[in-house]
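Student: Could you take me through one part of this model up close? I'd like to see how two helices from separate chains meet, and then how that fits into the bigger picture.

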Amino acid sequence: MTERASTPNASRRGVLAGMAAGLAAPGAARAAARRKGGGPEPRFLIVLGGSGGCSIVDSFMAVRESESRNGKILNAWPDSLVQSPGNGPFRAIDFSSKTIGAIPAPFTANQSEFVKRHSQDMMVVTYTGTSVNHGVAEHRSVTGNAAWRGRTLQEATALAYGAGRAIPNVHLINGTAFTDRGTDDSLPSSAYGERVPAPNLWPLSLDGYRGVKGAPDRKLFEAARSFRDGTLDPQSDFARTFAASDRLKRWFELRGAPLRDIEGGDLITQLMVHPDSEDMPLKAFGLKSSPLAKKVREAFPAYGFDPIESQAALAFLLIRCGVASTVTLGPENSAVFNKGAALGRGGLSAGDMRNTPIAFDFSHQAHREVQSLMWSRVLSVADRLITLLKSEELADGKSYWDHSLLYVATEFGRSRNRPAGAMTFGSGHDLNNGALIVSPLANGGKVLGGVDPDTLMTYGFDPLTGRPDPGRNMTEAEVFSGIIQALGIETPGAGLPDMRIMRRKA
Amino acid sequence: MRIPAPIALALTAILSLSALALPPTAARAQEAAPASPDPRVKFKDGERYLRDLAESLEIPRKEICLELSRYDCADKAFRIVLGGVDPYEIRIMQPLDQASLASPIAFDRVALQVCSNRVARDKADPATAVLFKPAAGRPDAAWREALTDRLYDRILRRGADAAERQRMAGFLEGLEARTGRSPKGQADQTLLACFALASSAEAAFY
């Protein structure tokens, strides 16, 4: 049986009213303090990495067989499966299958619900990448192929909006290059990503003392730290001998203000999603879960075993609690099944396979099934994360979502050909694709560029007017620039192209 | 063989300067260590750190540090944060290039748990105590010195020099004013001194 995640259904107005009634809001308080100090209005970047190639022609730019002269031998979808929700510019594939290629794993996938709920904030941008190597292309999807001295979108966001946040740039996804460090070494260390390999246990690493049984009083513990930091280490032969070591310098630096900021923010509590339970006996160790944990667990009920739900749960808390200005998450490369799912003689039950092995890249084996299932998975997580962010006020009647941009990054598209009329077939990597951006800051409700129905290849657009241009392919650098500009990041001297059409405001 | 006068003079000068540069051993031990011309150190990742302490503090490796009494600190809870890899589950093939923001905090937490664990065992079975051995009467300089020697020997696997004994004694005396002299106070002093040493740079890097 599928463990269907519920979506928080409290109205935004109601929740905002609740907030105003006095629910503690550490992130909002910090945001207000920051603005009083003249800092920039907060912005949040959520990178949702779709590893393996999220194909835009299997989602929002799908082509119907009847629209293409080569519909039977290219990856044009049967007309009945291609939706046009609300008659807007976005297409959507709602597809069910009893198998994923040769695997008896029935599922039902849906894209149209996401379009109905978020079309006003959705912006699809065509582009053609420069590599079909997974790692290279993943990294280029967040650096715009080194468009701005090699810094990543996340690093640029952390630099612009991370001041005063304890951990500005948090990397929750594992095993992909969406989180590789950029090549701009001139940035302050706080801009680079903090890896969070195990979201459910990671909060325990944010306090050196709380929850350790048998430890003396905290003041005594801090006295021991002071002795170590002020006397023991500085006067030790070891530290003197290796004083010039970069590793030691960083270690000593991290023990200072960064440590105080993290422990001072009580992040071991604020970011704890788990309730007190047999698996996580928090109470017995003097710990407790976040005041927002119940709400987050309701939105992501599979947080205990599904990596992307544990990532998304923590991603929300990191933004909401004022800890991070950017988070990177996404489906990982291991297969994920529902709890208790078993491969019996009859195969898996409907929806038991939540994540295909190697994520979107399992399209090599079963293109349509994998694209449908994985898009549905990514959109479901995005929808719930957006809904949570909409439900919380940041300041001045605006929600966290009003200040956020979600970018579904991916490496490349997929090859377009298929055996004549086949529903199940494998695909390869293809440079040509498009990206999904969802944000009130972006020029939503638009597909920028177009798709040639006879080749299924996407083409570009005029960066200032948005006029479709069949003779042009957009670049990774242009997508990167459009995102940077939509986020309002200053780019003096960067030489980035003006992507006016991707911004909601000039 | 005759040595030409200028060379003899130069040799004499060099030998004289060398003699000046080499003070007696005792005095030399108190001097600042020379800076390494190639200061490369490696982080002792969580697994290596806990294996070493398990052996030297005589606690079974599987019991030395468990978060929430369930999750092994190095293998499960803080594996990557403490410099480990996990190629099979999450495709992290290389240790973190640089310590993460959480690394020194997690390291402190692990050191505190290990020391707390050892002191609890010592209290439970004084006959096999490794670190915490209550003073027969009032804790004095000899008790502090013996404790310091045990800590350095067990944690850093070397003897403490005179200056280090003096510094640790000062720290323990300062603690005594806050913890009291009771066996509990002595146990707390032992635990905190253990923590300071076990979380020092010398314990974390090699």
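Tutor: Look at how H6(A) goes past H9(B): the crossing is right-handed. This is a predicted model, so keep that in mind as we go. H6 of chain A covers residues 218-232, and H9 of chain B covers residues 183-198. Their axes come within 9 Å and cross at roughly 40°. An angle of 65 to 115 degrees would count as roughly perpendicular and one under 35 as roughly parallel, so H6(A) is oblique to H9(B).

Now for the residues that do the touching. H6(A) brings A:Leu220, A:Phe221, A:Ala224, A:Phe227, A:Arg228 and A:Leu232, while H9(B) answers with B:Asp188, B:Leu192, B:Phe195 and B:Ala196. Sort the residues of this contact by class and you get eight nonpolar, two charged and no polar ones.

Let's zoom out to the two chains. Here 53 residues of chain A are in contact with 50 residues of chain B. On chain B's side, H9 is one of the helices that each supply at least two residues, along with H6 (103-124), H8 (162-179) and H10 (201-204). Careful with the names: this H6 belongs to chain B, and H6(B) gives the largest share of that side, ten residues. By class, the side of chain B that touches chain A holds 32 nonpolar, nine polar and nine charged residues.

Where does H6(A) sit within its own chain? Chain A is split into domain 1 (12-204 + 272-502) and domain 2 (208-265), and residues 218-232 of H6(A) fall inside the bounds of domain 2. The centres of the two domains, taken over C-alpha atoms, are 38 Å apart. Between them, seven residues of domain 1 are in contact with six residues of domain 2. On the domain 1 side of that contact, six residues are nonpolar, one is polar and none is charged.

One more stop in chain A, this time a sheet. Its three strands run in the order E19-E20-E21, forming an open sheet with antiparallel pairing. E19 (450-451) and E21 (468-469) stand at the edges with a single partner strand each, so one side of each has no neighbour in the sheet. E19(A) pairs with E20 (residues 458-461) over two bridges, and A:Gly450 has A:Tyr459 in E20(A) as its bridge partner. Strands of a sheet pair through backbone hydrogen bonds.

Note on methods:
Residues are numbered from 1 along each chain as its sequence is written. Chains are lettered from A and ligands numbered from 1 in the order in which they are written. This is a predicted model: local features need pLDDT of at least 70, side-chain atom pairs count only at pLDDT 80 or more; totals for chains, interfaces and linings use all residues. Axes are lines fitted to C-alpha atoms, for helices over the stretch in contact, and angles run from 0 to 180 degrees between N-to-C directions. Helices (H or I, at least four residues) and strands (E, at least two) are DSSP runs, numbered from the N terminus. Angles under 35 degrees count as roughly parallel, over 145 as roughly antiparallel, 65 to 115 as roughly perpendicular and the rest as oblique. A crossing is left-handed if the near helix is turned anticlockwise from the far one by less than a right angle, and right-handed if clockwise. Two residues are in contact if their C-beta atoms, placed from the backbone, lie within 7 Å. Ala, Val, Leu, Ile, Met, Phe, Trp, Tyr, Cys and Pro count as nonpolar, Asp, Glu, Lys and Arg as charged, and the others, Gly among them, as polar. Two strands pair if DSSP finds at least two bridges between them. Domain bounds come from an automatic or database domain assignment.
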